[in-house]
Every structure is written in C-alpha cells, then in structure tokens.
Amino acid sequence: MSSDEVARLVCVGEALIDLVATERGAALSEAATFVRAAGGAPANVAVGAARLGVRTAFLGKVGADPFGDHLVSTLAAAGVDTSMVTRDAQARTGLAFVSRAPDGEREFLFYRSPSADQRLRTDEVDGGRVARAEVLHFGSLGLAVSPAREATLHAASVAGRAGALRSLDVNLRLDGWRSDGAARRAVLAAAAASEVVKVSEGELDFLAGGKGAAAARTLIAGSTRLLVVTEGAAGAGYHLVTQDGLATGHMPGFAVDALDTTGAGDAFVAGLLTGMLLDRAALVDPAALEGVLRRANACGAIATTRLGAIPALPTAGELAAFLAAVSTSA
C-alpha cells in the first residue's frame with residue numbers, strides 16, 4: 001500500500017520484537033533458545049488486517065536500530081502503510097521475551113525502560129491521515145506512560161471527531177503500569193470513549209469485578225456500542241447495543257491443536273475489524289455480528305497453530321480455506 005492511498009484502518013501503538021522460547025513448556029527462567037518474531041499488539045492487528053485484504057496503516061515509533069528496521073520492513077512487506085512510523089535515535093526498539101506452556105499459553109517479560117514506542121508524541125500523529133480512516137484501533141499498553149498516552153488519546157479523539165469507529169483491545173499487561181488502580185481508571189475511560197471494545201474474561205473480571213453478563217453490562221458506557229469478551233478456544237461472547245436494547249450472545253470457537261497462543265487475540269481483532277468493515281450491519285444487527293465473530297474466531301484459531309505473532313496471522317485465502325474445511329466437516 002502506498003502512502004497516498006487512504007487507509008480504512010489505522011492501528012496506533014507498540015511494535016515490538018517478540019523473542020519466543022522454542023522449548024514448549026519451559027518457563028522463561030529455564031528456556032535456553034528463542035526465535036525472533038515481529039510483534040506488538042497494534043502492529044499485529046495492522047498486519048492481520050492487511051493480510052485479510054483491508055488497506056491498513058500503522059502509527060507508532062520504533063528505535064533507529066536493526067530491530068526497528070526489521071519491524072518496519074516486516075510491516076511494509078505485509079502491505080501495511082508505514083509512512084506514519086517514526087524512528088527514535090535515543091531509545092531502543094522494545095523487546096518481549098515469551099515462554100509457552102504445554103497448552104500454548106504464555107509468560108511475558110518486557111524490556112521497555114523506556115522503549116521507542118513509549119516515546120511517541122502528539123505532534124508525531126498525522127491528524128489528517130487519521131481523520132480519513134474508517135476505524136482507529138489501539139490497545140491499553142499505549143496508555144500506560146507519557147508521552148505515548150497523550151499521543152494515543154489524541155489520535156482516538158481526532159478519529160472520533162471525524163466519525164470513525166474507535167476500537168480498543170484492552171490487552172492488559174499490568175507490569176507496564178504504575179498501579180492496578182491507574183490501569184483500571186485509564187482503561188475504563190478509554191473503553192467508554194470507544195465504540196468497539198474487546199476484553200478477555202480475565203480482563204473483564206479485573207475491570208468490572210466479575211466475568212458474567214452483569215459485569216459485562218457495566219462496561220457498556222459512553223460511546224461503547226459493542227463489547228466482545230473472548231474466551232480462548234471456547235469462542236467469544238458479545239453485548240451489542242441495538243435500537244431494541246442490548247443484544248447478548250455467544251459464538252463458539254474452533255478446536256485446533258494449539259502450538260502458541262501469541263498473537264491469537266490480535267488475529268481475532270483483525271478478523272473482527274475487517275469483518276465489520278466488510279459488513280457494517282455487524283454494529284447494529286446481531287445476526288450479522290455473529291457471522292463476523294465466526295470469522296474472527298477462525299482467525300484466532302489459525303494463529304494458535306503457528307509460532308509467533310505476525311508470522312502466524314492468516315491471509316484471506318487461508319481464512320477462506322479454513323472456514324470451508326470446517327463447514328465441510330460439520
């Protein structure tokens with residue numbers, strides 16, 4: 001995608017290097033070898049959406065170092081517009097060491113003190129480009145410290161004023177925050193200012209003090225029109241504001257042999273947002289939304305069968321083949 005094309009989706013936030021332990025089941029204290037993989041939740045979503053055929057741009061900052069080179073080239077090779085990526089000569093590209101439990105779940109250790117992504121400034125946000133997008137997506141990690149917090153909120157504000165949908169993936173990493181209370185307050189405020197919010201069951205419990213429908217309803221506030229609660233292999237629940245009231249439902253997931261869940265949530269978000277761009281009725285019609293969620297669940301399932309985050313994200317062809325295969329076997 002060239003920089004003069006209008007991106008339908010702009011993803012704001014961190015692009016990091018994931019160093020993923022090759023020994024499955026080894027804790028970080030025990031793992032001896034790691035494989036480099038481009039990552040960072042908003043960057044993952046940008047690549048996932050581009051692979052699914054949506055014009056996408058990434059807005060963020062990486063170090064003026066070889067890892068930053070790798071991230072920019074990886075995004076560009078996937079078709080993501082990287083013209084809004086800035087380089088920082090004073091801070092390095094962030095790293096995240098990742099171990100994998102036998103079931104594919106992960107342990108993270110971040111090296112960001114500070115990393116370049118945390119130093120994104122408001123004056124580095126191209127408001128004109130952001131305002132032309134249909135969806136602005138971000139995560140909570142970009143809200144943890146200044147100046148990235150102010151830059152992220154500015155981008156979301158510009159998008160909202162222009163009539164774009166704002167999408168928040170809570171993607172909570174508490175070790176990046178000053179305190180649990182600060183994280184809860186910032187995330188709740190960002191959720192209320194976003195039309196689409198995605199949380200895991202654990203994040204819902206942290207934010208609302210419970211995992212059920214009653215807890216989820218407390219997060220439907222302000223601008224929020226759709227809350228999606230991911231449940232891993234079990235699928236995803238939803239709470240959708242319609243003209244007839246609040247519609248609640250669940251879309252089952254897909255059974256796969258999970259190798260690594262890194263990036264699965266980002267693949268899900270990419271599937272969700274691209275599905276909504278293809279069918280805008282999904283934001284008002286539960287039946288249309290369930291079709292989009294089936295697509296998003298498939299994206300997440302495919303990603304768990306591969307190692308790493310960005311390398312695991314499916315293409316539109318792979319998604320279509322997967323859905324055709326599960327439909328045939330049903």
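This is a short look at one sheet and at the largest pocket of a predicted model.

I'll start with the sheet. It is open and has four strands, in the order 3-2-6-7, and the pairing is mixed. The edge positions belong to strand 3, residues 34-39, and to strand 7. Each of these has a single partner strand, so one side of each has no neighbour in the sheet. On average, neighbouring strands here are turned by 25° against each other, direction ignored.

Now the pairing at the strand 7 end. Strand 6, residues 95-100, runs antiparallel to strand 7, and six bridges join the two. If you want a place to look, take Ala96, which stands opposite Phe110 in strand 7.

What packs on this sheet? Helix 2, residues 66-77, does, and it touches strand 2, strand 3 and strand 6. The direction of helix 2 makes about 55° with that of strand 3.

On to the pocket. The largest one has a volume of about 1,000 Å³. Its lining comes to 45 residues, and those nearest the centre are Glu105, Arg106, Thr261, Ala264 and Gly265.

Which elements supply at least two residues of that lining? Two of them we have just met in the sheet: strand 2, at 16-21, and strand 7, at 106-111. The others are helix 1 (41-51), strand 10 (196-200), helix 6 (201-208), helix 8 (264-278) and helix 9 (286-304).

As for composition, the lining residues divide into 15 nonpolar, 16 polar and 14 charged.

So much for the pocket and the sheet.

Definitions and conventions:
Residues numbered from 1 in each chain as written. Predicted model: local features only at pLDDT ≥ 70, side-chain atom pairs only at ≥ 80, totals over all residues. Heavy atoms only, no water. 1 Å grid on protein atoms, 1.4 Å probe; cavity = no way out; pocket = protein on both sides within 12 Å on 5 of 7 lines; lining within 4 Å. Points joined across faces, edges and corners; volume = space filled by probe spheres on them. Nonpolar A, V, L, I, M, F, W, Y, C, P; charged D, E, K, R; others polar. Pairing = 2+ DSSP bridges. Axes fitted to C-alpha atoms, helices over the stretch in contact; angles between N-to-C directions. Contact = heavy atoms within 4.5 Å.
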